[in-house]
Amino acid sequence: MLVDSHCHLDRLDLSAHGGSLDAALAAARQRGVGHFLCIGVSAENAAAVKALAERYADVDCSIGVHPLDLEPGAEPALDWLLGELDDPRVVAIGETGLDYHYEPKAAALQQASFRLHLQAAAVCGKPVIVHTRAARADTLALLREAALPQAGVLHCFTEDWEMASSALDLGFYISLSGIVTFRNAEALREVARRVPADRLLVETDSPYLAPVPHRGKPNLPEYVREVAEFLAELRGVHFDALAEQTTKNFRRLFPLARVGG
């Protein structure tokens with residue numbers, strides 16, 4: 001069984017499945033995907049992701065505010081975060097983090113929000129899902145500052161081995177998406193070869209970043225199969241072994257998730 005450890009089910013382009021989320025999830029299940037973690041990115045979509053976790057037994061959700069969804073003066077409040085995280089359907093915090101690639105001028109705002117999410121993680125004990133892009137040093141600095149006792153994950157990892165190694169030293173997991181299949185991603189493939197088997201997750205980040213051979217099309221949870229197959233070949237292991245290991249890792253990282261199998 002595979003787990004899509006990071007997908008945005010409320011944002012999928014469902015045209016390939018007649019507009020039906022039921023059909024999209026059924027197609028993924030038919031390809032061996034047995035669980036889905038639907039990610040919160042804002043206060044506005046918190047209700048939507050919780051509703052999906054309520055609707056489907058094989059869907060859990062996270063709550064958080066993405067660094068690119070922040071607006072000055074409308075930062076998430078700690079009491080709001082903790083209230084949302086108290087819901088049993090919510091198994092993780094995020095996604096949160098830093099993204100200076102698109103909004104370098106918002107660095108201070110993003111750092112304040114990231115600290116708030118890490119503070120909430122320290123209070124509730126749920127794992128944190130971290131988005132990081134063009135903010136390597138600050139992301140690691142804030143994670144070290146937080147010194148969380150529980151693990152988290154750097155999702156859709158696109159950085160180099162030095163950053164991956166530092167995150168692993170802090171107890172974090174590394175999640176790889178379809179980007180690892182892209183022709184120009186050799187540096188990322190080197191990371192993918194070196195991540196310890198017990199710290200590796202797979203994801204789609206759908207509807208974004210569809211893997212080869214679907215690149216350029218809307219991404220879907222069923223395509224986590226392509227990510228896992230590519231990684232198995234890259235790492236020189238049997239697909240079934242990689243699927244079993246990454247699912248085991250997901251269960252360990254997200255102990256509140258309702259993962260069957």
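A residue counts as buried when its relative accessible area is under 20%. Keep that cut-off in mind for the close-ups below, all taken from a predicted model.

**Figure 1. Strand β5 is mostly covered.** Of the 6 residues in β5, 5 are buried. On one side, β5 runs parallel to β4, and 5 bridges join the two. Look for Ile93, whose bridge partner in β5 is Val128, and then for Leu98, which has Thr132 in β5 as its bridge partner. To get from β4 to β5, the chain passes through helix α4 (residues 107-124), making a right-handed β-α-β crossover.

**Figure 2. β5 also pairs with β6.** These two strands are parallel and share 2 bridges. Ile129 has its bridge partner, Val153, in β6. Here the chain travels from β5 through helix α5 (residues 136-146) to β6, and this β-α-β crossover is right-handed.

**Figure 3. Strand β7 is covered on both faces.** Tyr173 and Ser175 sit on one side of β7 (residues 173-176), with Ile174 and Leu176 on the other, and all of them are buried. Strand β6 (residues 153-154) runs parallel to β7, joined by 2 bridges. You can spot this pairing where Val153 stands opposite Tyr173. Between β6 and β7 the chain goes by way of helix α6 (residues 161-169), in a right-handed β-α-β crossover.

**Figure 4. β7 pairs with β8.** Strand β8 (residues 200-202) and β7 are parallel, with 3 bridges between them. Leu176 finds its bridge partner in Val202 of β8. Helix α7 (residues 186-194) carries the chain across from β7 to β8, and this β-α-β crossover is right-handed.

**Figure 5. The whole sheet has 8 strands.** Pull back from the single pairs and you get an open sheet with parallel pairing, in the order β1-β2-β3-β4-β5-β6-β7-β8. Why do β1 and β8 each have one side without a neighbour in the sheet? They stand at the edges with a single partner strand each, so there is no strand on the other side.

**Figure 6. The largest pocket holds about 490 Å³ of space.** That is the volume of the pocket shown here. Its lining is made of 19 residues, and those nearest the centre are His66, His131, Arg133, Asp205 and Leu209. Strands β4 (90-99) and β5 (128-133) each give at least two residues to this lining. The largest share, 3 residues, comes from β5. Sorted by class, the lining of the largest pocket has 7 nonpolar, 6 polar and 6 charged residues.

**Figure 7. The second largest pocket has a volume of about 170 Å³.** That value goes with a separate list of lining residues. Among them are Ser42, Ala43, Glu44, Val65, Asp69 and Trp80. By class, this lining breaks down into 6 nonpolar, 1 polar and 4 charged residues.

**Figure 8. Two phenylalanine rings make a pair.** The count of aromatic pairs comes to 1. How are the rings of Phe250 and Phe254 arranged? Their centres are 4.8 Å apart and their planes stand at 45 degrees, so the pair counts as tilted. Both partners are tucked away from the surface probe: Phe250 has a relative accessible area of 0%, so it is buried. Phe254 is buried too, because its relative accessibility is 1%.

How values were computed: Residues numbered from 1 in each chain as written. Predicted model: local features only at pLDDT ≥ 70, side-chain atom pairs only at ≥ 80, totals over all residues. Heavy atoms only, no water. Buried < 20%, exposed > 50% of the residue type's maximum accessible area, 1.4 Å probe, protein only. Helix = DSSP H or I, 4+ residues; strand = E, 2+ residues; numbered from the N terminus. Pairing = 2+ DSSP bridges. Right-handed = clockwise from strand over helix to strand, strands pointing away. 1 Å grid on protein atoms, 1.4 Å probe; cavity = no way out; pocket = protein on both sides within 12 Å on 5 of 7 lines; lining within 4 Å. Points joined across faces, edges and corners; volume = space filled by probe spheres on them. Nonpolar A, V, L, I, M, F, W, Y, C, P; charged D, E, K, R; others polar. Phe/Tyr/Trp six-rings, centres within 6.5 Å; stacked < 30°, edge-to-face > 60°.
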